[in-house]
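User: I am new to this structure and would like a close look at a single part of it. Please take one helix and the strands beside it, and describe how they fit into the rest.

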Amino acid sequence: MDLKYGKPHSLMGWADANRARLKPPVCNAAVFPDGDYIINMVGGPNTRTDFHDNPTEEIFYQIRGNCYLNVWDRGKFDRIDIREGEIFLMPAHLIHSPQRPEAGSLCLLIEKPRPLGHVDWLRWYCPKCAALTWEASKQLESLVEDLPKIYALFYATSEAERRCKTCGTVHPGKDYAAWHALRRASA
Ligand SMILES: [Fe+2]
């Protein structure tokens, strides 16, 4: 028998052995890096201010702890809670920002390889008025390697580039706590 990806094994055992790899910004690691499916374990806590527009669906299975998705929908912020034990099939193009405040939380995240010509977008929005601050797209080849490169581009922007053209608020860049505090103050 040629089991290309090995025998069945303990998922939680894998998570324990790979805990150190679940680091910011995305806190993810591939369970089967060579397979056709993109199967990632995502840990907490994370510190993200980016929103993701995926041209394909995502499956969230929240194994341990709770998480929520900040959602940007037609100019307004919304929120979807995914509690421990829950599974969520996210439709393509739902503009989402996964928030994982709990240390030790674990989520199995399953995605599809992106068809050629279907790009992912990362977007950052004004915490006060939800206007678009900055965005970049990429034909995604590696979830683990491609996204941090886009974060680095955004984090290198100046205050002038991050000033909202609608309300003048400066997006705090990678300062996750500051973005969420401004967001809460405006909600
Ligand atoms: Fe604004």
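Analyst: Helix α2, residues 143-155, lies across β1, β2 and β9. Its direction makes an angle of about 150° with β1. The model is a predicted one, and everything below is computed from it.

The three strands under discussion belong to an open sheet of five strands, ordered β1-β2-β9-β4-β7, with antiparallel pairing. At its edges are β1 (28-30) and β7 (87-90), each of which pairs on one side only. From one strand to the next the twist averages 25°. In general, strands of a sheet pair through backbone hydrogen bonds, in either a parallel or an antiparallel sense.

Within this sheet, β2 and β9 run antiparallel and are joined by six bridges. One pair can be named: M41 has L108 in β9 as its bridge partner.

The same part of the chain leads to the largest nonpolar core, which has twelve residues, including L22, C27, A29, V31, M41, V42, F60 and C107. Both β2 (38-43) and β9 (106-111) supply at least two residues of this core. The largest contribution is that of β9, with three residues. As a general point, side chains in a regular strand alternate between the two faces of the sheet.

C107 is a useful residue to follow. Leaving aside residues up to four places away in sequence, C107 touches V42, F60, Y61, Q62, I63 and C67. Of these, V42, F60 and C67 are also listed in the largest nonpolar core. Apart from that core lies another, of eight residues, among them F51, Y125, C126 and I150.

Another pairing, between β10 and β11, can be set beside that of β2 and β9. Strand β10 (residues 120-125) pairs with strand β11 (residues 132-138) in the antiparallel sense over six bridges. W124 stands opposite W134 in β11. The two strands form a hairpin with six residues between them, and A130 in the turn has a positive phi of about 70°.

As for the whole, the protein has three helices and eleven strands. Its elements run from the N terminus as α-β-β-β-β-β-β-β-β-β-β-β-α-α. Of the contacts between residues at least 6 apart in sequence, 63% join residues at least 24 apart. Of the 187 residues, 25% count as buried. The radius of gyration is 17 Å, which agrees with the value near 16 Å for a compact globule of 187 residues. The C-alpha trace spans about 60 × 35 × 25 Å along its principal axes.

Methods
Residues numbered from 1 in each chain as written. Predicted model: local features only at pLDDT ≥ 70, side-chain atom pairs only at ≥ 80, totals over all residues. Helix = DSSP H or I, 4+ residues; strand = E, 2+ residues; numbered from the N terminus. Rg over C-alpha atoms; globule rule 2.2 N^0.38 Å. Buried ≥ 20, exposed ≤ 12 C-beta atoms within 10 Å, placed from the backbone. Contact = placed C-beta atoms within 7 Å. Pairing = 2+ DSSP bridges. Core = buried A, V, L, I, M, F, W, Y, C linked by C-beta atoms within 7 Å. Axes fitted to C-alpha atoms, helices over the stretch in contact; angles between N-to-C directions.
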